[in-house]
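Student: I have a model open in front of me. Please show me how to read it.

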Amino acid sequence: MNPRFDLLTLQLLRKVDETGSVARAAETIHLTASAASKRILELESQLGIALLTRRPEGARLTAAGLAVARRTERVLEELQGLQQDLAGFADGTSGTVRIASNTSGMCAGLADLMARFSAEYPDIRISVREATSAAVLEAVANGSVDLGIAHAGVRADPLRSLPYTRTPLVLAVPAGHELAGRDAVFYEETLRFPHIARAAGSALAQFSGQDGPGTPHPPAVSTQVTSFPAVFSLVSAGLGVAVVPAAPADWHVPANIRQVPLADDWASFELRLVVDPGVVPTPAVSRLLGALLSQAA
């Protein structure tokens, strides 16, 4: 029969080694002497060896008992370390958080926030992947990520979406473009020019201009891109114009590109934080979500 080691009996043996008495050892862990003796006898019976030498003046551990006591000390140290590790997971200072974000979310201060967050909570591992807004929602829904950042125009039901950030939409044009000097422009006016087409599934795909026989100036190069560096590179080369969110400084927009505000009432770009309301977030996920919401506020 395989012996059943329970932590209390192992602790009891250590206390016998320290005190030289089963009764005194029992007192230290709040057991009666008879209950302590029964526990040790049961373990000896399971092991088939004597762990104690019992004498009128007290008790001493046998060589086997000493081996158990020494091993128990190491086990208790490991358990204490385990308890400390788990405490970090319980209070949200350790763990893993998986995020999926569209390109705009990646550029809207997420990197800076993660840098600050990681400096404050170095034991929380953050995994980030870039995807279209539609793919972000799918990842949250199937549980492959814990949090998502997606365009507000993509239907999130039955997921829960929370306000994150809103930024104006602008038209990126080459510096020498005829619209470059305008203070603002309506989107309809931009349709006279080739647009850099966004990939299907991108939140900005709807602002890729006209495409087809009715296009006044069809693009010389067919494009379908998702990343902003690719968009700016093509605009900079004079291959078209592009509707983009107003760029933060860290987008590194080329110097020969001008950003002309769109004058339309609807011309803003809203991002939302997306979570699955049916999933209880880990403390680490809750902590990062709280940081994102604070940033939004």
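Tutor: We take confidence, then one helix, then salt bridges.

Student: How confident is the predictor in this protein?

Tutor: This is a predicted model; local features need pLDDT of at least 70, side-chain atom pairs count only at pLDDT 80 or more, and totals for chains, interfaces and linings use all residues. Residues are numbered from 1 along each chain as its sequence is written, and side-chain values use heavy atoms, without hydrogens and water. pLDDT is the predictor's confidence in each residue, from 0 to 100. Where it is low, the coordinates should not be read in detail. Here the average is 84, and 89% of the residues score at least 70.

Student: Which residues of helix α6 are buried?

Tutor: Helices are DSSP runs of H or I, at least four residues; strands are runs of E, at least two; both are numbered from the N terminus. Buried means under 20% relative accessible area, exposed over 50%, partly exposed in between (1.4 Å probe, protein chains only). In α6 (residues 133-141), Ser-133, Val-136, Leu-137, Ala-139 and Val-140 are buried. They fall within an arc of 160° seen down the axis, so they line one face of the helix. That arc is taken from the directions from the helix axis to the C-beta atoms.

Student: Where does Arg-166 lie, and where Glu-270?

Tutor: A salt bridge puts a side-chain nitrogen of Lys or Arg within 4 Å of a carboxyl oxygen of Asp or Glu. Arg-166 and Glu-270 form one, at 2.9 Å from N to O. Arg-166 lies in strand β6 and Glu-270 in strand β9, so the pair ties together parts 104 residues apart in sequence. Arg-166 is exposed at 53%; Glu-270 is buried at 18%.
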